[in-house]
Amino acid sequence: MRYDTVLLDFDGTIADSMPSILVCIRHAMDTVGIPYTEEQLRLMVGPPFRVAMREMYGVTDEPTVERMIKLYRTKYENGGWMCDLFPGVEKMMSDLRAAGVRLAVATSKPLRFTNMIVKGLGIERFFDFVGGAEADGTRDAKSEVIEYVLEGLGGADRRRTLMVGDRLYDMDGAKLTGLDACGALWGYGSREELLAHGADMLAETPEELTRIVLG
């Protein structure tokens with residue numbers, strides 16, 4: 001096989017979580033009174049919340065940002081997380097596992113929520129390790145999450161490890177950690193975005209990703 005270890009982003013790669021995330025973001029933005037467009041909200045799915053607030057809205061006041069994060073997470077935890085796997089993803093993971101590929105989650109979503117959703121969707125059996133960000137903002141960057149996951153896996157040959165994600169943050173994180181990067185075109189990022197940030201390859205579907213990994 002071409003790769004023996006695959007790291008998967010969560011939102012936009014494993015699960016179609018945008019609708020539920022947008023409900024929670026709207027709740028936080030409306031409560032605090034920050035104006036937004038629907039296009040801006042969609043772009044917030046992927047990056048860490050603090051990064052999105054700073055870069056997209058120019059909100060740097062820490063108490064305001066932390067209040068919004070608390071509003072978002074309270075809504076999210078109380079049923080706001082519910083989402084579905086993308087079509088074909090479960091079979092992809094099953095086929096890769098059957099071929100002996102190690103799978104791990106590498107997401108900027110807080111680890112507590114990631115574990116909750118993975119268990120809620122009944123897919124924990126596919127993963128050798130689940131990695132995410134810390135709720136306090138540490139280990140926010142995708143490169144930091146990737147390093148955490150590689151350590152949690154007990155090490156991996158980076159030449160045979162593939163990072164799969166749908167946004168620029170996944171591609172950037174892979175490049176910073178010496179991994180090949182595959183853009184998941186069934187997710188939320190565009191072909192142009194992924195290629196501009198160094199995607200080594202693109203997969204139109206989960207089935208195509210399986211073929212890429214197994215070579």
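1. S20 touches G80, W81, M82 and C83, leaving out residues up to four places away in sequence. The model is a predicted one, and the points below should be read with that in mind. S20 is found in helix 1. The residue is buried, with a relative accessible area of 10%. One of its partners, G80, is among the buried residues of helix 4.

2. C83, another partner of S20, raises the matter of disulfides. How many disulfides does a search of the whole structure find? The search finds zero. For C83, the closest cysteine sulfur is that of C24, and the two sulfurs are 11 Å apart, too far for a bond. A disulfide would need the pair within 2.5 Å, so the 11 Å between C83 and C24 rules out a bond there. C83 is itself buried, at a relative accessible area of 10%. C182 is also a buried cysteine, with 0% relative accessibility.

3. Helix 3 covers residues 49-57, and its buried residues are F49, R50, V51, A52, M53 and Y57. Against which elements do the buried residues of helix 3 pack? They pack against helix 1 (18-32), helix 2 (38-43) and helix 4 (62-80). After helix 3 comes G58, with a positive phi near 70 degrees.

4. In helix 4 the buried residues are V65, M68, I69, L71, Y72, R73, Y76 and G80. The cover over these buried residues includes helix 1, helix 3, strand 4 and helix 6 (111-120). The packing of helix 3 on helix 4 thus appears from either side: helix 4 is among the elements that the buried residues of helix 3 pack against, and helix 3 is among those that cover the buried residues of helix 4.

5. On enclosed space, a search of the whole structure finds one cavity of 30 Å³ or more. The largest cavity has a volume of about 380 Å³. Its lining holds 27 residues, of which P47, P48, F49, S108 and K109 are the closest to its centre. Of these, F49 is one of the buried residues of helix 3. Which elements each supply at least two residues of the lining of the largest cavity? They are helix 1, helix 3, helix 4, strand 4 (102-110) and helix 8 (168-176). By type, the lining has 14 nonpolar residues, three polar and 10 charged.

6. D11 is found in the loop between strand 1 (5-8) and strand 2 (15-16). Is D11 buried or exposed? At 10% relative accessibility, D11 is buried. Apart from residues up to four places away in sequence, D11 touches S17, I21, V45, K109, D166 and Y188. With K109 there is a polar contact of 3.0 Å between the side chains. K109 is also among the residues closest to the centre of the largest cavity. I21, another contact of D11, lies 10 residues from D11 in sequence, and the C-alpha atoms of the two are 9.2 Å apart.

7. The largest pocket has a volume of about 170 Å³. Its lining is made up of P48, V51, S108, D140, A141, K142, S143, Y169, D172, G173 and L176. Helix 7 (142-152) and helix 8 are the elements that give two or more residues to this lining. Helix 8 provides the largest share, with four residues. The lining divides into five nonpolar residues, three polar and three charged. P48 and S108 line this pocket, and both also belong to the residues closest to the centre of the largest cavity.

8. K142, one of the residues that line the largest pocket, has its place in helix 7. It counts as buried, at 7% relative accessibility. To which residue is the side chain of K142 joined by a polar contact of 2.3 Å? The partner is D170, through its side chain. The K142 side chain also reaches the backbone oxygen of A106 at 3.3 Å. Neighbours within four places in sequence aside, K142 is in contact with D9, A106, T107, S108, M163, Y169, D170 and G173. Of these contacts, S108, Y169 and G173 are also found in the lining of the largest pocket.

Terms used: Residues are numbered from 1 along each chain as its sequence is written. This is a predicted model: local features need pLDDT of at least 70, side-chain atom pairs count only at pLDDT 80 or more; totals for chains, interfaces and linings use all residues. Side-chain values use heavy atoms; hydrogens and water are left out. Buried means under 20% relative accessible area, exposed over 50%, partly exposed in between (1.4 Å probe, protein chains only). Contact means heavy atoms within 4.5 Å. On a 1 Å grid over the protein atoms alone, a cavity is a set of points where a 1.4 Å probe fits but cannot get out, and a pocket is an open set with protein on both sides within 12 Å along at least five of seven lines; lining residues have an atom within 4 Å of a point. Grid points are joined across faces, edges and corners, and a volume is the space filled by probe spheres set on the points. Ala, Val, Leu, Ile, Met, Phe, Trp, Tyr, Cys and Pro count as nonpolar, Asp, Glu, Lys and Arg as charged, and the others, Gly among them, as polar. A polar contact is a pair of N or O atoms within 3.5 Å; within protein, one must be able to donate a hydrogen and the other to accept it, and residues adjacent in sequence count only if both atoms are side-chain atoms.
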